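Biologist: I am new to this structure. Please take a close look at one loop for me, then lead me outward from there.

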Amino acid sequence: MHRIAILFLFLGGALAQQPGKPTPTPTPAAKATYIRAGRLFDGSSDSVRQNVVIQVVNERIQSVAAADSFAIPAGAAVIDLSRATVLPGLIDCHTHLGSRADRYDEIYNFKDTPFQSAFAGVVNARKTLEAGFTTVRDVGSLPFLAVDLRNSINEGLIPGPRIVASGPGISITGGHGDLNNFSPQTRVSMFPEERDFQIADGVDQIRHVVRAQVKYGVDVIKILATGGVLSKGDNPGSPQFTPEELKAAADEAHMAGRKIAAHAHGTQGIKNAILAGIDSIEHASLIDDEGIRLAKERGVYLVMDIYNDDYLLGKAIEFGLPKENVEKEKKVGRQQRENFERAVKSGAKMAFGTDAGVYPHGDNAKQFFYMVKFGMTPAQAIHAATSNAADLIGRAQDVGTLQAGKYADLIAVSADPLEDVRALENVGFVMKGGLVYRDSISGKTR
Ligand SMILES: [Zn+2]
């Protein structure tokens, strides 16, 4: 009966055309799907709604309504998640999709070709999406792997999350992004004349490399403001780049309408980056009270990867992680977790980022447990990976919450993640842009 009424309305519309005028070419019918959610955490607050219907039309959410006040049209496609908790698709703000977590032996600097990274990226993108991460920011890969991966996924060539892509993390000569402590005769280079769009010294070179990265399609700039853990010959605590250089990078990125993220472990480098106008501090391992205060004052996000320590001090050693890096991780990892707890207590803005690639892709959700262990409520940890992450990456109009107008990017879990956040390690349903990529828990669909 209902369908006949709708058909009549359409016919009525067509018949109302003035005679003699050509009939307009029909546009493809909008595809509507109705999702019954038993419990809904929509990401806009801490509260959970019971028995909700989410109407999805094509790739976006049309409406979110209480089930008892919403009539699903007869014969419509329904996905029954009435025994599950539905949440926004998760967002990881710090990944390296082209990196593999079994490549710690230095020999791979010389053995692996760029194609190896690209193939790994294809596999890792799928694993990440199937784990419930429907959006990621990729903050450092070969030029310009993340851009190509983003485009291939957007074209529908391969499955994967939405990607906010950076180019290589910009480094000083001899810094975290350089190949250090080999003979000066040793070179591994793709674009020597551009220093691989990565190494820059001085304000002019920095402005050039930011502009060049923008030219090749990056969404975000990544800069390395201190030494690192997984590089040779540099110290995670030491600042890299002068305050003037960091400011030039931030200004240039912002002029191009891009945000800029800074890798920074060391106390002073973190402050230099915040004062330079950088949008997020990655790792923030040795941040002190003043650094936390500055981040809070300026609304700078902290993206602290507090899970991967377990992997680096375990499996990565088996995969040949050199002794120098193991020692650095031992020092930095423990302090980072303590400082995470202090940052949470202070109320600084925090977004979820894991450094996936350092540990296996697809395990991203393992970090939630540590975020709760070190001071967050489960709801806070989920906000960090949904609404807050969307705000940091500048995509809050499209992702991060389940509201009318947003992309239909959503996940479902059978256990209650607000009771035990580890429920997010077993995502049973994944939809991105209205398409289902994983479903092991819905009731009968029709
Ligand atoms: Zn990283």
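**A loop, and what lies beyond it**

Modeller: Start with Asn235. This residue is partly exposed, with a relative accessible area of 44%. That value sits between the 20% cut-off for buried and the 50% cut-off for exposed, so neither of those words applies. Bear in mind that the model is predicted. Its average pLDDT is 92, and 93% of the residues score at least 70. One stretch is a clear exception to such scores: over residues 1–20 the pLDDT stays under 50. For that stretch the model has 4 contacts beyond four places in sequence.

Back to the loop. Asn235 belongs to the loop between β8 (220–224) and α6 (243–255). Leave aside residues up to four places away in sequence, and Asn235 touches Gly227 and Gly228. There is also a long-range neighbour to note. Lys328 is 93 residues away from Asn235 in sequence, yet their C-alpha atoms are 8.2 Å apart in space.

Phe241 also lies in the loop between β8 and α6. What is its burial? Phe241 has 8% relative accessibility, under the 20% cut-off, so it counts as buried. Its backbone deserves a look too. Phi of Phe241 is positive, about 80 degrees, although the residue is not a glycine.

Asp355 gives a second case of this kind. Its phi is near 65 degrees, a positive value in a residue other than glycine. Asp355 sits in the loop between α11 and α12. It is buried, with a relative accessible area of 9%. Asp355 also has a partner to hold: it is a donor of the zinc ion through OD. The other protein donors are His94 and His96, each through NE2. The distances from donors to zinc run from 2.1 to 2.3 Å. Both histidines are buried. In sequence the spacing of the donor residues is H-x1-H-x258-D.

Now step into α11, which covers residues 323–346 and holds Asn339. Asn339 is buried at 8% relative accessible area. Its side chain makes a polar contact with the side chain of Arg342, at 2.3 Å. Beyond four places in sequence, Asn339 touches Ser285, Leu286, Ile287, Ile292 and Met304.

Next come the rings. A search of the whole structure finds 11 aromatic pairs. One of them joins Tyr34 and Phe70: the ring centres are 6.0 Å apart and the planes meet at 45 degrees, so the pair is tilted. Tyr34 lies in strand β1 (residues 32–40), while Phe70 lies in the loop between β3 (60–66) and β4 (77–88), so the pair ties together parts that are 36 residues apart in sequence. Tyr34 is buried, with a relative accessible area of 6%. Phe70 is partly exposed, at 23%.

Tyr307 and Tyr370 form another pair. Their ring centres are 6.0 Å apart with planes at 40 degrees, so this pair is tilted as well. Tyr307 is in the loop between β11 (301–303) and α9 (309–312), and Tyr370 is in helix α12 (residues 366–373), so the pair ties together parts that are 63 residues apart in sequence. Both tyrosines are buried.

Ring pairs also build a cluster from Phe144, Phe191, Phe197 and Tyr216. Phe144 is found in the loop between β6 and α4. The peptide bond leading from Pro143 to Phe144 is cis, with omega near -15 degrees.

Both β6 and α4 lead us to a last stop, helix α3. The buried residues of α3 pack against β6 (133–138), α4 (145–154), β13 (429–432) and β14 (435–439). Which residues are they? Gln116, Ser117, Ala120, Gly121, Asn124, Ala125, Thr128 and Leu129. An α-helix has 3.6 residues a turn, so residues three or four places apart point the same way. The length of α3 can be checked too. The helix has 17 residues (114–130), and at 1.5 Å a residue it should span 24 Å; its end C-alpha atoms are 25 Å apart, which agrees. After α3 comes Gly132, whose phi is positive, near 105 degrees.

Key. Residues numbered from 1 in each chain as written. Heavy atoms only, no water. Donors = N, O, S within 2.8 Å, 3.2 Å for Na, K, Ca; no water. Buried < 20%, exposed > 50% of the residue type's maximum accessible area, 1.4 Å probe, protein only. Helix = DSSP H or I, 4+ residues; strand = E, 2+ residues; numbered from the N terminus. Expected span 1.5 Å × (residues − 1). Contact = heavy atoms within 4.5 Å. pLDDT = per-residue confidence, 0-100. Polar contact = N/O pair within 3.5 Å; in protein donor to acceptor, adjacent residues only side chain to side chain. Phe/Tyr/Trp six-rings, centres within 6.5 Å; stacked < 30°, edge-to-face > 60°.
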